Amino acid sequence: MSGADLDPHGDVHGDVSVDRLALADELAGTAADGSTAVASEDAAEYALRLGDDALVLAQQLGMWIARAPELEEDVALGNIALDLIGHARSLLHYAGTASGRSEDDLAYWRDEPEWRNAWLFEQPNGDFAHTIARQLAASVYLFELYARLVDSADPTLAAIAAKSVKEVDYHRDHATQWVLRLAGGTEESRRRMLLAIIDVWPYVDELFDDDELVERLAAAGIAVLPSTLRPAFDAVIDEVFAEAALERPAGRTAFIASGGGRRGSHTEHLGPLLAEMQVLARAHPGASW
Amino acid sequence: MVTAAVAQRAEASAASVARPVPSDPASARVWEVAATVTDPEIPVLTIEDLGVLRSVEIGDDGAVRVQLTPTYSGCPALDAMRDDVLLALTHAGYDDVRVDLVLAPAWTTDWMSEAGKEKLRTYGIQAPTGSAAARPAGPVRVQLAVKCPRCDSLNTRELARFGSTSCKALYECRDCLEPFDYFKVL
């Protein structure tokens, strides 16, 4: 096609792009040197866990758009969700390289028992305080995780972590600011914040559970052993809670959720979330716009 | 400290990948064409000003390969920029063009050119204040004052940390009373 045939205002633009872009590597598949990295089976399973955490949380957050307490929060939560979708795309794309599946195959065509996210991420939005409590736990955990995963022996995971940690830093900042405002606001906002922390904290422990897969990967320098993140997580949470005059729910005196998300066992909240997220892709396979 | 390690890494990567304009004339020509593409959300900035354009290569068979890096992981403008690079190069007569997206090293606002920052301010968006490497660590932190791009007052107030896009926060100037976007340090 010669340059003269191209009208930037016509639909030629779309035709040219679609044809050529099909040849380009997808977002995370290209390493810095341009080669396409293929994940090992273990690394793929690990990437699936991290990608599912990000995607499920993004889907929950997206439900706040047009429903948040103020317009600025619609936009903030929507943008945070968009960052998380970016992380999920990179991670799921990489996970899919081991089995020849695309990020969309993994997002839209897996049923509930095949999802590997921890329970925290699928917990319902609740009121705004519950969403903020979940955001605080999630973003502090993700920040500590990605800050260490930048040193992974797997260059793709290291690159995704280096990209994500800077964005998650802003998510953590956003959650912290809201915890301070709600805890130090009115009697009602403080009551809700306290209740939200009590309801959300039982789901925190699962984030730091080790199993054979992460132990194998950590020994190879690829994964970060979740249990090693706990002290740093607690230190940051304590700092935020001290500023907000809140207390961290005391260890085992509180109810602790059993977890099981990494093995595909989920709470009743994941099914409806997936149904809403997947219905269009399943009703109209290959649909695009 | 892990946070410190991340900061050092950001500093090192920013120094090692400043303005990678190719030296051979043929590649430099491709670079010049690709560098005309602008950010669809902030049309005063080119992808070169932003630091999104990472490299340009011409293979022995004449195939052109361009590398872009996303600003934010979920940035929807990236697909448009990729299309536009493809279109600009095709328009300029290159018929075998591939645009790849690379994540490493991770993009930082430190790569934004000084010319780009000046264009942003003229456009009404305050450019990043300070460098990514120098961002304060810790969960509870004090934000540096952000100058109003219209009247240069430091008497401004943050309205929302996430503005119209992930990369911007929404501010208001308490002197000229105008709202403005601030391009956050990343």
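**Exercise 1.** In this predicted model, determine what span helix α11 of chain A should have at 1.5 Å a residue, and where its kink is centred.

*Solution.* Helix α11 of chain A covers residues 270-283, which gives 14 residues. The expected span of a helix is 1.5 Å times one less than its number of residues, so for α11(A) the end C-alpha atoms should be 20 Å apart. In the model they are 19 Å apart, which agrees with that expectation. The helix nevertheless has a kink of about 40°, and this kink in α11(A) is centred on M277(A).

**Exercise 2.** Apply the comparison of spans to helix α6 of chain A, and then state how many of its residues are buried.

*Solution.* Helix α6 of chain A runs through residues 128-149 and has 22 residues, for which 32 Å is expected at 1.5 Å a residue. From its first C-alpha to its last, α6(A) reaches 30 Å, which is close to the expected value. As for its surroundings, α6(A) is mostly covered, since 21 of its 22 residues are buried.

**Exercise 3.** Identify the residues that touch the most other members of the largest nonpolar core, and find which element gives the largest share of that core.

*Solution.* The core holds 125 residues, and those touching the most other members are A47(A), I132(A), Y146(A), V179(A) and V85(B). The largest share of this core, 15 residues, comes from α6(A). Chain B also takes part, because the core draws at least three residues from each of its domain 1 (18-104) and domain 2 (112-183). In soluble globular proteins, nonpolar side chains tend to be buried together. To follow one member further, take V179(A): with neighbours within four places in sequence left aside, V179(A) is in contact with I132(A), L136(A), M193(A), V240(A) and A244(A).

**Exercise 4.** Describe how domain 1 and domain 2 of chain B are placed and how they meet.

*Solution.* Chain B is divided into domain 1, residues 18-104, and domain 2, residues 112-183. The C-alpha centres of these two domains of chain B lie 27 Å apart. Eleven residues from domain 1 of chain B and eleven residues from domain 2 of chain B make up the contact. On the domain 1 side, the touching residues divide into six nonpolar, three polar and two charged.

**Exercise 5.** Decide whether L53(B) is buried or exposed, and list its contacts beyond four places in sequence.

*Solution.* L53(B) belongs to strand β1 of chain B, residues 53-58. Because 24 other C-beta atoms lie within 10 Å, and 20 or more are required, L53(B) is buried. Beyond its neighbours within four places in sequence, L53(B) is in contact with A34(B), A35(B), I47(B), E48(B) and L68(B).

Terms used: Residues are numbered from 1 along each chain as its sequence is written. Chains are lettered from A and ligands numbered from 1 in the order in which they are written. This is a predicted model: local features need pLDDT of at least 70, side-chain atom pairs count only at pLDDT 80 or more; totals for chains, interfaces and linings use all residues. Helices (H or I, at least four residues) and strands (E, at least two) are DSSP runs, numbered from the N terminus. A residue is buried if 20 or more other C-beta atoms lie within 10 Å of its own, exposed if 12 or fewer, and partly exposed in between; C-beta atoms are placed from the backbone. A nonpolar core is a set of buried Ala, Val, Leu, Ile, Met, Phe, Trp, Tyr and Cys residues joined through C-beta atoms within 7 Å. Domain bounds come from an automatic or database domain assignment. Two residues are in contact if their C-beta atoms, placed from the backbone, lie within 7 Å. Ala, Val, Leu, Ile, Met, Phe, Trp, Tyr, Cys and Pro count as nonpolar, Asp, Glu, Lys and Arg as charged, and the others, Gly among them, as polar. The bend at a residue is the angle between axes fitted to the seven residues ending there and the seven starting there.
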